[in-house]
Amino acid sequence: KIALGFPGAEESVSHYDTPSVKINGKFMCRLVEGGDFIPIHLDFDLREQYLEQYPEIFHVPDHYKNYKYICMWVHPYSTALLKEILELSWKGLATKKQLQEWEKR
């Protein structure tokens, strides 16, 4: 629900028919099959920062290492941290116009 609150967000279905959110048609996040974690699109530099700062909450499985994703465990997170990471993800996928409008709010 939080991810769907960003401009350009749309519900979608991803790998193995799992629910996902796209921004302007680009993958933002999804719930993995089994529901243990959420892969979230995030630039590499930000990913490293969050992995170092919150090693108990974020991880990167081997098959995601070469891609701009960070995985967030579902249970040990705070809503504030989830909103923060999703906003960073959204900013990486939003259009310039969407970013300008977001900053004005």
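Start by selecting residues 37–41, strand β4, together with residues 69–73, strand β6: the two pair in the antiparallel sense over five bridges. Keep in mind as you click around that this is a predicted model.

**Stop 1: the paired strands**

With β4 and β6 still selected, show the side chains of Ile38 and Met72. Ile38 stands opposite Met72 in β6. Now try Ile40, whose bridge partner in β6 is Ile70.

Next, add residues 58–59, which make up strand β5. Strand β5 runs antiparallel to β6, and two bridges join them. Pick out Phe58 here: Phe58 also stands opposite Met72 in β6. So Met72 is a handy residue to label, because you can find Ile38 and Phe58 by starting from it.How much of β6 is buried? Four of its five residues are, so the strand is largely enclosed by the rest of the structure. β4 is mostly covered too, with five of its five residues buried. Turn on the β4 side chains and look at where they go: Phe37, Pro39 and His41 point one way, while Ile38 and Ile40 point the other way, and all are buried.

**Stop 2: helix α1**

Select residues 44–53 to bring up helix α1, and colour its buried residues, Arg47, Tyr50 and Leu51. Then look straight down the helix axis. The buried residues of α1 fall within an arc of 105°, so they line one face of the helix. Here's the general idea: an α-helix has 3.6 residues a turn, so residues three or four places apart point the same way.

What covers those buried residues? The cover includes β5, β6 and α2. Swing round to the face of α1 turned away from its buried side, and you'll find the exposed residues Asp45 and Glu52.

**Stop 3: Leu82 in helix α2**

Select Leu82, which sits in helix α2. Is Leu82 buried or exposed? With a relative accessible area of 9%, Leu82 is buried, because buried means under 20%. Leaving aside its neighbours within four places in sequence, Leu82 is in contact with Ile2, Met72 and Tyr77.

Now try the distance tool between the C-alpha atoms of Leu82 and Leu4. They are 13 Å apart in space, with their positions 78 residues apart in sequence.

**Stop 4: the largest pocket**

Switch on a surface view for this one. Rolling a probe the size of a water molecule over the atoms shows where empty space is left. The largest pocket holds about 330 Å³ of space. It has 17 lining residues, and the closest to its centre are Lys1, Ala3, Val21, Cys29 and Ile38. The elements giving two or more residues to this lining are β1 (9–13), β2, β3 (26–30) and α2 (79–93). β2 gives the most, with three residues. Colour the lining by class and you'll get 12 nonpolar, two polar and three charged residues.

**Stop 5: Ser20 in strand β2**

Stay with β2, residues 19–23, and select Ser20. At 4% relative accessibility, Ser20 counts as buried. Show what surrounds Ser20, ignoring neighbours within four places in sequence: its contacts are Glu10, Glu11, Ser12, Val13, Ser14, Phe27, Cys29 and Arg30.

**Stop 6: two loop residues**

Most residues other than glycine have a negative phi. Here are two that go the other way.

Select Tyr16, in the loop between β1 and β2. Its phi is near 55°, a positive value in a residue other than glycine. Tyr16 counts as exposed, at 67% relative accessibility.

Then hop to Asn24, in the loop between β2 and β3. Asn24 isn't a glycine either, yet it has a positive phi of about 50°. With a relative accessible area of 33%, Asn24 is partly exposed.

**Stop 7: the second largest pocket**

Go back to Tyr16 for the last stop, since Tyr16 is one of the residues lining the second largest pocket. This pocket has a volume of about 180 Å³. Select the rest of the lining as well: Ser14, His15, Phe27, Arg30, Val32, Glu33, Phe37, Pro39, His63, Tyr64 and Tyr69. Which strands each supply at least two residues of this lining? They are β3 and β4. By class, the lining divides into seven nonpolar, three polar and two charged residues.

How values were computed. Residues are numbered from 1 along each chain as its sequence is written. This is a predicted model: local features need pLDDT of at least 70, side-chain atom pairs count only at pLDDT 80 or more; totals for chains, interfaces and linings use all residues. Side-chain values use heavy atoms; hydrogens and water are left out. Buried means under 20% relative accessible area, exposed over 50%, partly exposed in between (1.4 Å probe, protein chains only). Contact means heavy atoms within 4.5 Å. Two strands pair if DSSP finds at least two bridges between them. On a 1 Å grid over the protein atoms alone, a cavity is a set of points where a 1.4 Å probe fits but cannot get out, and a pocket is an open set with protein on both sides within 12 Å along at least five of seven lines; lining residues have an atom within 4 Å of a point. Grid points are joined across faces, edges and corners, and a volume is the space filled by probe spheres set on the points. Ala, Val, Leu, Ile, Met, Phe, Trp, Tyr, Cys and Pro count as nonpolar, Asp, Glu, Lys and Arg as charged, and the others, Gly among them, as polar. The arc is that of the directions from the helix axis to the C-beta atoms.
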